[in-house]
Amino acid sequence: MNTSETPAAGPAEGPGRAAPEGRRSWLRDHSELGVSVLLFAIGVLVLTDALTMDVSISERGPVGPKTVPIVVGIGLLVVAVLLAVDVMRGGRGEAEGGEDIDLSEPSDWQTVLLLTGVFLGFAVLIGPIGFPIAGTLLFWGAAFALGSRHYHRDPLIAAVIALSTYYVFNNLLGVPLPGGPLMGVL
């Protein structure tokens, strides 16, 4: 037997070193299970909220306010279980294949963090300043985070979108949104 053909075991190799690589490979091959766990958790949350909802007899019709959340919650649980079974049987999600996406580039965490900050700012400000102003800041901030640098045009477009959304929900659909300081004007 020629000793030059057999690789020598170095310090990085050995019986104790193969397990972490194997586990890491298994987790990488079954990463879609994270989506399944997330869907299952959201399904449990939706079902819990729906089943603990206080509904008076006068508010119920043929289909009460609990019906849709219960159906959605059960649907989320079923999809989570089916996804987990598919992943455990070897199913894999298809890799992104868009024309305009460079898969070798890393994620743009600055954009993700900016969008997260804009959304959280909207959630905090909608009560005190109302939907029209908070919505304008949301749409303008999202456009800025996604790369638009038209400082004169973007706020006007954002204001038109926010006011249109406010009008449609508040006046046409009957879904009251907080008006804030503009309540008397709108």
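**Helix packing and buried contacts in the predicted model**

Apart from neighbours within four places in sequence, Glu32 is in contact with Leu83, Val87, Arg92 and Gly93. The model described here is a predicted one. Glu32 is placed in the loop that runs between helix H1 (18-29) and H2. The relative accessible area of Glu32 is 17%, under the 20% cut-off, and the residue is therefore counted as buried.

One residue in contact with Glu32, Val87, is also among the buried residues of helix H3, together with Gly73, Leu76, Leu77 and Ala80. Viewed down the axis of H3, these buried residues fall within an arc of 105°, so they line one face of the helix. An α-helix has 3.6 residues a turn, so residues three or four places apart point the same way. The cover over the buried residues of H3 includes helix H2 (33-51). On the face turned away from the buried side, H3 carries the exposed residues Val68, Val71 and Leu82.

The length of H3 was compared with the span expected for a helix. H3 comprises 22 residues (residues 67-88), which at 1.5 Å a residue should span 32 Å. The C-alpha atoms at the ends of H3 are 32 Å apart, in agreement with that expectation. H3 is followed by Gly90, which has a positive phi, near 105°.

Helix H4 covers residues 109-129, 21 residues in total. From its first C-alpha to its last, H4 reaches 29 Å, close to the 30 Å expected at 1.5 Å a residue. H4 has a kink of about 30°, centred on Ala123. The buried residues Thr111, Val118 and Phe122 belong to H4, and what covers the buried residues of this helix includes helix H5 (131-145). Just after H4, Gly130 adopts a positive phi of about 90°.

Two of the buried residues of H4, Val118 and Phe122, recur in the largest nonpolar core. This core has seven residues, the others being Phe131, Ala134, Leu138, Tyr166 and Leu177. H4 and H5 each supply at least two residues of the core, and H5 gives the most, with three residues.

Within this core, Phe131 has contacts with several other parts of the chain. Leaving aside neighbours within four places in sequence, Phe131 is in contact with Phe122, Ile126, Thr136, Ala162, Thr165, Tyr166, Leu177 and Pro178. Phe122, Tyr166 and Leu177 are thus both contacts of Phe131 and members of the core.

A search of the whole structure finds one aromatic pair. In this pair, the ring centres of Phe122 and Phe131 are 5.9 Å apart and the ring planes stand at 85°, so the arrangement is edge-to-face. Phe122 and Phe131 are both buried.

A further buried position, Ala145, lies in helix H5. Ala145 has a relative accessible area of 7%, and the residue is therefore buried. Not counting residues up to four places away in sequence, Ala145 touches Thr111, Leu114 and Leu115. Thr111 is itself one of the buried residues of H4. The C-alpha atoms of Ala145 and Leu113 are separated by 8.8 Å, although these residues are 32 residues apart along the chain.

Key: Residues numbered from 1 in each chain as written. Predicted model: local features only at pLDDT ≥ 70, side-chain atom pairs only at ≥ 80, totals over all residues. Heavy atoms only, no water. Helix = DSSP H or I, 4+ residues; strand = E, 2+ residues; numbered from the N terminus. Expected span 1.5 Å × (residues − 1). Buried < 20%, exposed > 50% of the residue type's maximum accessible area, 1.4 Å probe, protein only. Arc of directions from axis to C-beta. Contact = heavy atoms within 4.5 Å. Bend = angle between axes of the 7 residues up to and from the residue. Core = buried A, V, L, I, M, F, W, Y, C linked by side-chain atoms within 4.5 Å. Phe/Tyr/Trp six-rings, centres within 6.5 Å; stacked < 30°, edge-to-face > 60°.
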